[in-house]
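Hi,

Here is the structure I promised to pass on. Have a look at it first, and then read my notes below.

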Amino acid sequence: MTRRHRSPDSANSPAPRRRSVVKAAAAGAVLAAPLAGALPARAASEAPAFLHGVASGDPLPDGILLWTRVTPAADAVPGSGLGPDVRVSWVVARDSAFTQVVAEGSTTATAAGDHTVKADIRGLAPATDYWFHFSSGGTDSPAARTRTAPAADAAVPGLRFGVVSCANWEAGHFAAYRHLATRGDLDAWLHLGDYIYEYGTGEYGTRGRVVRPHAPAHEIVTLADYRVRHGRYKTDPDLQALHAAAPVVAIWDDHEIANDAWSGGAENHTEGAEGPWAARQSAAKQAYFEWMPVRPAVAGTTYRRLRFGKLADLSLLDLRSFRSQQAALGDGDVDDPDRTLTGRAQLDWLKTGLVRSDTTWRLVGNSVMISPFAIGSLSAELLKPLAELLGLPREGLALNTDQWDGYTDDRRELLAHLRSNAIRNTVFLTGDIHMAWANDVPVNAGTYPLSASAATEFVVTSVTSDNLDDLVNVPQGTVSAVAAPLIRAANRHVHWVDTDRHGYGVLDITTDRAQMDYYVLSDRTRADATSSWSRSYRTRSGTQKVERTYDPV
């Protein structure tokens, strides 16, 4: 199906078909955003400058990937294709004062690469904090902390990761990032997808008002558009702070490209009117790899694997590049063995990595929920917004075809592989759904808990993107008090679900257990929003089941 451009207040607009095409109410006058909207106002008089912060990612035992973007001239804004080549150097040190320099080098930033810079530093010590900064034309970037992974054979006592997903710029501020940045105890942080959103201003749910408008103001389609949008995001002070505090490990979901993306198209792409899908997908991926400190392990994808000593390995999935088109709601195609979510090569890679793993924990960075989900007996006033959020038919059919529920053959094969090979301690870490969940992953949901649990899953809520309380425009926690018990009654493998609030997770791992602490924000629309602990769940080694624990780590 193709999506036509829709005005939020048009009487002829079709009803939303998916959670991510929910429209906000008219947001008032929207200012057109030029390319320069991706830069702070002070940019025009400062060049060269590091206006988009610095970042690091994909930690290895002996290395780290560093990133920045330099603005060499006032007109060299993201996506412009303007600006001279400029030399950019970097320094890596063992201390924040940079008296113990261990690596340095330089490269040329060009308009062809949108003046982004990456440096893949090797020869570092494992499990070690480092500080780095960039320089160009006599200007230094902010300094930042990063950390390498433990040695592959190291007996690691513990690991701690921030976990986030789904950050809609227009819906609010990124206070979740700020609270993670100020912790000071993260080995790394995981971004599980929807780092940016592709929609035009006012086209995506914001409870009726745009807190801060996108740049560009229109839906992003071209390479320049995607670059501008990434540039806008990278001006956020809270996102800059988190990138400066710890390395990120990121995967994409659909909105880095277009809503409900699959290998041959997307719900939010109109072939012809918005150009060829292949060109749009290529542009989105190019901008992503330019603007993110991510190593593509396979050209053009984000699936790869990182190891953190003997304690954990982390398999990161790309669930958009290879998938078959989502099945029509209500048909039997979800069980078709010829349809795939992962693609054959990626599924084989994942299965091989899981069975060969010799770590205590096998973490899987997973952009859409793997646990099955059934609606149960929800009232009409709850079913309608839940159907919009999850992509469910309003008559209550238990199916979300954009998640693993829409590709049941891949899921059966993977879970059977875990069971038949006695692979223990597999934990799926998931975003996308704008709610917090703690789930067992049953081999057969219909007979659970009599059937076995093959793994566990921790799902984090959105940083700002709409969830149920936003869709029905009520205070946080109102809907979940009613909906959560009904969801759990229909899904006995679900230990907890919070349908309403925004926030983040902190995953703490020891040899004995993997624990997710869930934190919620006071108000997504406020830059000074406070954070509070909500719940904690853990899975103890060898159990393949989730249990509640009553204190955060």
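**What I found**

The chain has 9 helices and 22 strands. Keep in mind that this is a predicted model. Buried residues account for 61% of the 553 residues. Of the contacts between residues at least 6 apart in sequence, 72% link residues at least 24 apart. About 18,600 Å² of the chain is exposed, with carbon and sulfur atoms supplying 52% of that area.

The part I spent time on is an open sheet of 7 strands, ordered 12-13-14-15-17-16-18, with mixed pairing. Strand 12 (304-308) and strand 18 sit at the edges with a single partner strand each, so one side of each has no neighbour in the sheet. On average, neighbouring strands here are turned by 20 degrees against each other, ignoring direction.

Going in from the strand 18 edge: strand 18 covers residues 494-498, and 4 of its 5 residues are buried. So what holds it to the sheet on its paired side? Strand 16 (residues 436-442) runs antiparallel to strand 18, and 4 bridges join the two. One pairing to look up is A438 with W496 in strand 18. Strand 16 also pairs with strand 17 (residues 453-459), again in the antiparallel sense, over 6 bridges. There, V441 is opposite A455 of strand 17.

Helix 7 (residues 408-420) lies across strand 15 (426-430), strand 16 and strand 17, and runs at about 120 degrees to strand 17.

One residue in the sheet is worth zooming in on: N366, which belongs to strand 14 (residues 361-366). Is N366 buried or exposed? N366 counts as buried because its relative accessibility is 0%. Its side chain reaches the backbone oxygen of V368 at 2.7 Å. Beyond its neighbours within four places in sequence, N366 is in contact with L192, I251, L317, L319, W404, F428, L429, T430, G431 and E457.

Away from the sheet strands, take a look at helix 2 (residues 223-233), which is mostly covered, with 9 of its 11 residues buried. The buried ones are D225, Y226, R227, V228, R229, H230, G231, R232 and Y233. Helix 3 (237-245) and helix 4 (277-291) are among the elements that cover them.

Cheers

Definitions and conventions:
Residues numbered from 1 in each chain as written. Predicted model: local features only at pLDDT ≥ 70, side-chain atom pairs only at ≥ 80, totals over all residues. Heavy atoms only, no water. Helix = DSSP H or I, 4+ residues; strand = E, 2+ residues; numbered from the N terminus. Buried < 20%, exposed > 50% of the residue type's maximum accessible area, 1.4 Å probe, protein only. Contact = heavy atoms within 4.5 Å. Areas by Shrake-Rupley, 256 points an atom, 1.4 Å probe, with all protein chains shown as cover. Pairing = 2+ DSSP bridges. Polar contact = N/O pair within 3.5 Å; in protein donor to acceptor, adjacent residues only side chain to side chain. Axes fitted to C-alpha atoms, helices over the stretch in contact; angles between N-to-C directions.
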